[in-house]
Number of protein chains: 2
Amino acid sequence: MIEIMLKYIQALPHTQQVLRKGQYLFHQGDAVVSMFLIETGEARLLRRQRDGSTIVLQRALPGSFLAEASLFTASYHCDATATTRISARLISRNSMRKLFESDSAFAAAWASHLASEVRSARLRSEILALRTVAERLNAWIAAKGEFPPKGTWKSIAQEIGTSPEALYREIAQRRSGK
Amino acid sequence: MIEIMLKYIQALPHTQQVLRKGQYLFHQGDAVVSMFLIETGEARLLRRQRDGSTIVLQRALPGSFLAEASLFTASYHCDATATTRISARLISRNSMRKLFESDSAFAAAWASHLASEVRSARLRSEILALRTVAERLNAWIAAKGEFPPKGTWKSIAQEIGTSPEALYREIAQRRSGK
DNA sequence: CGTCCGCTTGACTCAGATCAAACTTGGTGG
DNA sequence: CCACCAAGTTTGATCTGAGTCAAGCGGACG
């Protein structure tokens, strides 16, 4: 389903853009003109608080869309910035909307993509709501169906919301305890 | 947008169902026949692990759909059970799909609904990834735009992944510190 | 061969989970 | 009107999981 969607989107007219670390893709209040598909690097959606601190609303890694919600919104409701140097594909929002309205197979693929995003975001929430590293790791394994391969541990620690050390220790303990 | 969607859905043929606490709405592998709109009570999507423990994939409260993802899937990929006594509205999946394919305004409303679900689930993830109760509460307030009203605190503690006591204490501290 | 990065392990410390007990409030039925 | 109950809130005391800082290891790579 996702592949169908990407095929559609790859066929649409688009432009490429490269941004340096720290640059903005858009600001809150900007009119939505393009959709962003991240190809390399990492971008984040941020909401800025009155006291100057910010909260992260989304972390977009390669292959993911930024601000899916903006397909049917007139203006952005938050800022987007490049956490690293990124390259992104810009697709005009209007062309996507036309496609959405004229081709129900694309509409279905888009809805299906969103549904799977919902699922994975909810899964992460539920994992993060667990109290101990052991429980979180169990849940992660149960959801993904495999023990995390070495080399990915650090980023998985991020994903399940613990420090790398805590995850390493949990893994070490399982190895010895077995 | 959401209201548009609900208006559409309310117009569709449906049946009502009441389930006692602990009963199942569906099981993993069941063919998807109906969509569920929860009207009262709480239901959960669960994945059962080999060792008997379960992980929660979604908590559905009144007004929310269960298993949005299943609109375009043949069978369920997890179980759904009633955490409390619930009443739910059942809408045939086929009638929703027909509506989706024939009416692009409904398709847009549905996509927009899903997008907002994505946003709120991601927000919760980001909040839960914060380390301290103070930070989580700040982020919650920043996102919702208001200080949580008394009476909702306990459930907000759930939402931000802390014990009620910890949240009470944080709030008490802010009151005195001001 | 030096440098970087992911991993490993130790030690210390503390935020917050947990258990417990009391108090406030609203609702219910007698 | 009052006794009574349930839920939510408040506050105290205790204990532990894991965050943090630190030091060392091994493999990849220019």
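Let me start at the surface near DNA strand C, where helix 5 (153-159) and helix 6 (164-177) of chain A, together with helix 6 (164-177) of chain B, each supply at least two residues. I should say at once that this is a predicted model, and that every value I quote is computed from it. The largest share of that surface, six residues, comes from helix 6 of chain A. There are 17 residues around DNA strand C, and those that come nearest are A:Lys154, A:Ala172, B:Thr132, B:Ser163 and B:Ala166, a list with members from both chains. By class, the surface near DNA strand C divides into seven nonpolar, four polar and six charged residues.

Turning to DNA strand D, we have 19 residues around it, with A:Thr132, A:Thr162, A:Ser163, A:Ala166 and B:Lys154 coming nearest. The elements that give two or more residues to this surface are helix 4 (133-144) and helix 6 of chain A, along with helix 5 (153-159) and helix 6 of chain B. Here helix 6 of chain B gives the most, with six residues, and the surface near DNA strand D is made up of eight nonpolar, four polar and seven charged residues.

Since helix 6 of chain B appears in both descriptions, it deserves a closer look. Its 14 residues reach 20 Å from the first C-alpha to the last, which is close to the 20 Å expected at 1.5 Å a residue. How many of the 14 residues of helix 6 of chain B are buried? The count is one, and the helix is accordingly described as hardly covered.

Now to the way in which the two protein chains are related. A rotation of 180° with 0.0 Å of shift along its axis superposes chain B on chain A, with an RMSD of 0.2 Å, and that is the relation of a two-fold axis. The same surface serves both copies, in that 100% of the contact residues of chain B recur in chain A.

As for that contact, it takes 36 residues from chain B and 37 residues from chain A. On the side of chain B that touches chain A, strand 5 (54-60), helix 3 (104-128) and helix 4 (133-144) of chain B each supply at least two residues, and helix 3 of chain B gives the most, with 19 residues. The classes on this side of chain B are 21 nonpolar, seven polar and eight charged residues.

Let me close with chain A by itself. Chain A has six helices and eight strands, and along the sequence these follow the pattern α-β-β-β-β-β-β-β-β-α-α-α-α-α. The domain assignment gives domain 1 (2-124) and domain 2 (130-177) of chain A, and 29 Å separate the centres of these two domains, taken over C-alpha atoms. Along the principal axes, the C-alpha atoms of chain A fill a box of roughly 55 × 40 × 25 Å. Buried residues make up 33% of the 178 residues in chain A, and, among its contacts between residues at least 6 apart in sequence, 70% join residues at least 24 apart.

One residue serves as a final example, namely A:Ser116, whose place is in helix 3 (residues 104-128) of chain A. Is A:Ser116 buried, exposed or partly exposed? Because 18 other C-beta atoms lie within 10 Å, A:Ser116 is partly exposed; the cut-offs are 20 or more for buried and 12 or fewer for exposed. A:Ser116 and A:Arg44 are 72 residues apart in sequence and 20 Å apart in space, C-alpha to C-alpha.

Notes
Residues numbered from 1 in each chain as written. Chains lettered and ligands numbered in written order. Predicted model: local features only at pLDDT ≥ 70, side-chain atom pairs only at ≥ 80, totals over all residues. Contact = placed C-beta atoms within 7 Å. Helix = DSSP H or I, 4+ residues; strand = E, 2+ residues; numbered from the N terminus. Nonpolar A, V, L, I, M, F, W, Y, C, P; charged D, E, K, R; others polar. Near = placed C-beta within 6 Å. Expected span 1.5 Å × (residues − 1). Domains from an automatic or database assignment. Least-squares fit on C-alpha atoms with pLDDT ≥ 70 in both.
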